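Open the model in your viewer and keep the selection panel at hand. The stops below are meant to be taken in order.

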Amino acid sequence: MASDSEDWTHVLRPSADRGSRVVVFPHAGAGPQRYASVLAALPEAVEVVAVTLPGRERRASLPPRTTPAAAVPAVRRELNALDPAPTVFYGHSLGGLLALAVADAGGHCDGLVVSCSQPGARSRPRPQLPGRAAELAEIFAGHRLPADALHDPSLSPARRVLAHDLALARDALRAVEPLRLTVPVTALAGTDDPLVPPEVLPLWGRFTSGPFRCRLAQGGHFFPFTPYGQGVLLEELLASLTAARTGVLVH
């Protein structure tokens with residue numbers, strides 16, 4: 001039996017009934033505990049399962065570096081070992097990309113909801129200079145990290161985790177480009193998000209042949225963590241859960 005620190009997933013909120021399930025994929029630099037209060041208002045029959053990348057919370061003793069090729073199959077295996085239930089994946093920012101990749105890889109997913117997440121590499125401006133190092137330096141600069149953040153011993157543990165997650169996001173943006181789901185996809189964005197402009201939101205529609213919906217919400221990159229934004233997110237998650245149970249997406 002693997003120890004907790006080796007497990008990529010765990011039950012964040014159990015449900016005795018387990019009529020359905022939400023799997024949450026956190027944003028860069030964060031662990032799933034940040035989402036416990038955001039998702040607390042879901043009905044009691046909804047089980048919440050969380051994905052924890054290495055280097056944070058209960059996996060804090062592990063090196064924070066990972067890749068899509070390592071994370072996606074590991075998360076998929078653990079989710080597929082759970083008892084079957086209608087399941088919606090929810091990912092914020094980096095988490096949206098990972099949720100898409102796990103869903104495409106065969107993780108049991110009946111619907112995908114993403115918030116403030118870039119819809120693949122095509123949605124980003126071309127880097128000013130060619131090469132992975134130059135592109136990462138641009139991404140790091142946007143988050144006030146030094147160009148050599150992956151190797152800077154002076155960074156705090158939290159900033160080091162963020163740097164590795166941003167490198168993971170850069171790779172994930174490319175990895176998801178060819179992916180196509182058949183389940184409903186809902187994409188949310190903040191009207192004032194400097195990282196994910198509202199105009200790129202419709203590009204999420206190309207990742208599914210199923211129903212697609214996009215919605216703007218007042219706020220910035222972390223609008224789901226405001227009272228208003230939490231309400232928007234819960235409304236969309238409940239609609240997606242209903243579709244997962246009945247096959248009908250209703251708003």
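The tour covers a helix, the nonpolar cores and a tryptophan, in a model that is predicted.

Start by selecting residues 157-175, which form helix H4. The helix has 19 residues and spans 27 Å from its first C-alpha to its last, close to the 27 Å expected at 1.5 Å a residue. Now colour the buried residues of H4, including the run from Val-161 to Arg-170, along with Ala-172 and Leu-173. To see what covers them, add helix H1 (68-80), helix H2 (94-104) and helix H3 (132-142), which are among the covering elements.

Next, select Leu-145. Neighbours within four places in sequence aside, Leu-145 is in contact with Phe-140, Leu-155, Arg-159, Leu-162, Ala-163 and Leu-166.

Leu-145 also leads to the largest nonpolar core, which has 48 residues. Show Phe-25, Phe-89, Leu-100, Leu-112 and Trp-204 together with Leu-145: these six touch the most other members of that core. Strands E2 (20-25), E3 (46-51), E5 (111-115) and E6 (185-190) each give two or more residues to the core, as do H1, H2, H3 and H4. Apart from this core lies another, of 23 residues; select Val-22, Tyr-35, Leu-42 and Leu-234, which are among its members. In soluble globular proteins, nonpolar side chains tend to be buried together.

Finally, go to Trp-8, in the segment before strand E1 (9-13). Is Trp-8 buried or exposed? Its relative accessible area is 11%, so Trp-8 counts as buried, the cut-off being under 20%. Add Thr-52 and display the C-alpha distance: Trp-8 and Thr-52 are 44 residues apart along the chain, yet their C-alpha atoms are separated by 5.3 Å.

Notes. Residues numbered from 1 in each chain as written. Predicted model: local features only at pLDDT ≥ 70, side-chain atom pairs only at ≥ 80, totals over all residues. Heavy atoms only, no water. Helix = DSSP H or I, 4+ residues; strand = E, 2+ residues; numbered from the N terminus. Expected span 1.5 Å × (residues − 1). Buried < 20%, exposed > 50% of the residue type's maximum accessible area, 1.4 Å probe, protein only. Contact = heavy atoms within 4.5 Å. Core = buried A, V, L, I, M, F, W, Y, C linked by side-chain atoms within 4.5 Å.
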